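Welcome! Here is a short briefing to help you find your way around. Take a look at the sequence and the 3D view first, then read on.

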Amino acid sequence: MVLQKWSHLDLVVPEASGMKVHLKVNVKAVLGLLILASLFISFRRVQWTEQTESRRWMENSGWWSPGSLSRASVRLLAGAPPQKQKYLTVGLSSVKRTKENYLLSTLHSIFSQSSEKELADMVVVVLLADFDLNFVQETLGSIIERFSARLSQGQLLVIHVDEEIYPPLTGLKRNFNDPPDRVTFRSKQNVDYAYLVQFSANISQYYLMLEDDVSCSKGFLSTIQGHIRSLQSSTWITLEFSKLGYIGKLYQSRDLLHLGQFLYLFYQEMPCDFLLTHFRTLLMQNKPIRFQPSLFQHMGTYSSFRNIYNRLKDEDFNADPAHNPPADVYTDIVSYNEYGPQQAYGQGAYYFWGKSPIVKGNFFLIAFHEPVVISHILIQTGKNGKDLLVSGDVELGESLMKTSAGTKCTGSHVLGSLQDGQFEKLDIHLTVKSPVLCLNIRVTASQSSWVIIKTIQVWTVSKSENEAG
């Protein structure tokens, strides 16, 4: 069973094989290392024993078993699962709030900020996770009334899990010295998400975790697709599109069964965002991969726990993020380590870092895969006032030329020059109306310092918008 395999995987004790002892090392140092290694292994064995005994107790008590977390435990209240796998499942769990309820507004934002083409590749799964069945029925009725078209098109599913299927939610461990009601709240929330991700497994290629009180940026699905493409063959477990809690966490469908079992097994240990971080690191992604700007904003003012006033906002949120259409990136400036040219265009946490000397005539070229009409360009260089690109012109080209020296952008329109290492221009499509194939930054004066190109953001105009204009 999946759960048994996952539990075994989680509880493997790492060996102290990474310690390399040279023959010439002082004997005392060797003994010290051996003592530390022994203490570490002993500590992990204690952890192993405690967790194994805990799991045996859960199995013997009857409420936890390999089959207790399954799609069969979930009731489908509305909608029909798609016949073919989609690209993205958006999952959110919702409970009753006494002051304000944001679920319908969140669903409206998801659908209104997506094109019909994007929605054809998307399924939204809502878990009505409250045990108050009157609330569930009333909310279900509101969803059916307002989003009947999305339900009938297979773009929205509503599910529920009966209270008697849940594990114990009282008398739990008070880790972090949380009060009992807080422990109950966060433990139930972990189980809610466990059922939600378990149900969502294999509906789509990817799964996006949201809360029921967020607003979305325009075209967030296309932006996520672009970021996934930018990673190419890189291995990852979690991608982050917001810095708040577990809003905007993206997973691959292949990991959802394990994620569900992980949240379920350790549901009373710690809050969900802590568990998600442990899940990522256990699967060997040590550092978070967060993209900017954020694609989702927290809009609730009252928490679902005790209705506490909460004005938490993500200052990195952008309601209209750059499109950055698929492109290849070239430069004749030598890059430093992993800070390659694609980093400047990928809108991730990294950037392009080029070594000196930077000479007049150097270039940084974005070659689009398809012709595009551009409306807005933002270029930012330097970091904390250092490593700016001091002098450079920004050009758009209608064609690309392959030469022995590399790819060149030709048929250029000069848009302007960098000012203090920055460039921004709006309404470009009003003057450069024809589609272009490349964007080029041409260095116009030599400099001795290194250069950082922090971000290149490109907004495009759709064919219909261009024709209407």
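Two strands count as paired if DSSP finds at least two bridges between them. Keep in mind that this is a predicted model. With that in hand, let's begin with the overall picture and then turn to the details.

**Overall picture**
- The protein has 12 helices and 18 strands.
- Of its 469 residues, 48% are buried.
- About 23,100 Å² of the protein is exposed, and carbon and sulfur atoms supply 53% of that area.
- Among contacts between residues at least 6 apart in sequence, 77% join residues at least 24 apart.

**The sheet**
- An open sheet of 8 strands follows the order 1-4-3-2-5-8-7-9, and its pairing is mixed.
- Strand 1 (74-78) and strand 9 (289-290) are the edge strands, each pairing on one side only.
- Strand 3 (residues 122-128) and strand 4 (residues 156-161) run parallel and are joined by 4 bridges.
- Valine 124 stands opposite leucine 156, which belongs to strand 4.
- Helix 8 (residues 220-231) packs on the sheet, where the strands it touches include strand 2 (86-94) and strand 5 (204-210). The direction of helix 8 makes about 120 degrees with that of strand 2.

**Cysteines**
- The whole structure holds 1 disulfide, which joins cysteine 409 to cysteine 438 with an S to S distance of 2.0 Å.
- Cysteine 409 lies in strand 15 (residues 406-417) and cysteine 438 in strand 17 (residues 436-443), so the link ties together parts 29 residues apart in sequence.
- This link of cysteine 409 and cysteine 438 is right-handed, with 85 degrees about the S-S bond.
- Cysteine 409 is buried at 14% relative accessible area, and cysteine 438 is buried at 0%.
- Cysteine 216 is buried at 3%, and cysteine 272 is buried at 1%.

Terms used: Residues numbered from 1 in each chain as written. Predicted model: local features only at pLDDT ≥ 70, side-chain atom pairs only at ≥ 80, totals over all residues. Heavy atoms only, no water. Helix = DSSP H or I, 4+ residues; strand = E, 2+ residues; numbered from the N terminus. Contact = heavy atoms within 4.5 Å. Axes fitted to C-alpha atoms, helices over the stretch in contact; angles between N-to-C directions. Buried < 20%, exposed > 50% of the residue type's maximum accessible area, 1.4 Å probe, protein only. Areas by Shrake-Rupley, 256 points an atom, 1.4 Å probe, with all protein chains shown as cover. Disulfide = S-S within 2.5 Å.
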